[in-house]
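Work through the exercises below with the sequence and the model in view. Try each task before reading its solution.

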Amino acid sequence: MPLYLSRFSYTPETWARLIGHPEDRARAAQSYIESVGGKLHGFWYAFGTHDGYNLWEAPDNVSMAAVALAISGGGALSSFETTVLLTVDETIEALRTAEQIQYRPPGA
C-alpha cells in the first residue's frame, strides 16, 4: 500500500481546547485511516512550520484523499498537507520512464 506523509497545524482555538482537555489525537487519526482500510504508522508533534506530522498507509490515493478531506473539513486545523511517498523502486521506475519522454523546454 502507498505511504503518505501529512503535515498539519491546529487553529489557536483547537490548541485552547486541547489545553483544557488534553487527549491523544493519534487514536483519532488511527480510527480515520483504519475506516478506509489503511494504517497509521506514526503521529508526532513538532516545533516549527507545522504543529505535527503523520505517516499513513492507505489502499490508494482516493482513500487517503477522503481521510484528508474529512480531517480538513472538520475545522480544527489551520493547514493540512499530504505528500505521496515513493519507494526507491518506484523512483527508479519513474527515472527509467522519464528517460523515454521527449521533453522540450519552453521556447526551445
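**Exercise 1.** How many salt bridges does the count come to?

Solution. The model is a predicted one. A pair qualifies when a side-chain nitrogen of Lys or Arg is within 4 Å of a carboxyl oxygen of Asp or Glu. By this rule there are three salt bridges. Take the pairs in turn.
- Glu81 and Arg7 meet through their side chains at 3.3 Å, N to O.
- Glu23 and Arg25 pair at 3.0 Å, N to O.
- Asp24 and Arg27 pair at 3.8 Å, N to O.

**Exercise 2.** Find which parts of the chain the salt bridge between Glu81 and Arg7 ties together, and classify both residues by accessibility.

Solution. Step 1: locate the residues. Glu81 is in strand β4 (residues 77-85), while Arg7 is in strand β1 (residues 3-10), so the bridge links parts that are 74 residues apart in sequence. Step 2: apply the cut-offs, where buried means under 20% relative accessible area and exposed means over 50%, with partly exposed in between. Arg7 has 15% relative accessibility and therefore counts as buried. Glu81, at 36%, counts as partly exposed.

**Exercise 3.** Classify the residues of the other two salt bridges in the same way.

Solution. Begin with the pair Glu23 and Arg25. Glu23 is partly exposed because its relative accessibility is 48%. Arg25, at 25%, is also partly exposed. Go on to the pair Asp24 and Arg27. Asp24 has a relative accessible area of 43%, so it is partly exposed. Arg27 reaches 62% and so counts as exposed.

**Exercise 4.** Which residues form a nonpolar patch on the surface?

Solution. The patch consists of Trp15, Ile19 and Tyr45, which together have about 330 Å² of accessible area. Now look at one of its members. Ile19 belongs to helix α1 (residues 12-20). Its relative accessibility is 66%, so Ile19 counts as exposed.

**Exercise 5.** Describe the protein chain as a whole.

Solution. Step 1: list the elements. The chain has four helices and four strands, in the order β-α-α-β-β-α-β-α along the sequence. Step 2: consider the dimensions. The C-alpha trace spans about 60 × 35 × 25 Å along its principal axes. The radius of gyration is 17 Å, whereas a compact globule of 108 residues would have one near 13 Å. Step 3: consider burial and surface. Of the 108 residues, 29% are buried. The chain exposes about 7,400 Å², and carbon and sulfur atoms supply 59% of that area. Step 4: consider contacts. Among those between residues at least 6 apart in sequence, 63% join residues at least 24 apart.

Notes:
Residues are numbered from 1 along each chain as its sequence is written. This is a predicted model: local features need pLDDT of at least 70, side-chain atom pairs count only at pLDDT 80 or more; totals for chains, interfaces and linings use all residues. Side-chain values use heavy atoms; hydrogens and water are left out. Patches are made of residues with over 30% relative accessible area and no salt bridge: like charges are joined within 9 Å, nonpolar side chains (Val, Leu, Ile, Met, Phe, Trp, Tyr) within 5 Å. Accessible areas come from the Shrake-Rupley method with a 1.4 Å probe; for residues, only the protein chains shown count as cover. Helices (H or I, at least four residues) and strands (E, at least two) are DSSP runs, numbered from the N terminus. Buried means under 20% relative accessible area, exposed over 50%, partly exposed in between (1.4 Å probe, protein chains only). The radius of gyration is taken over C-alpha atoms; the globule rule is 2.2 Å times the number of residues to the power 0.38. Contact means heavy atoms within 4.5 Å.
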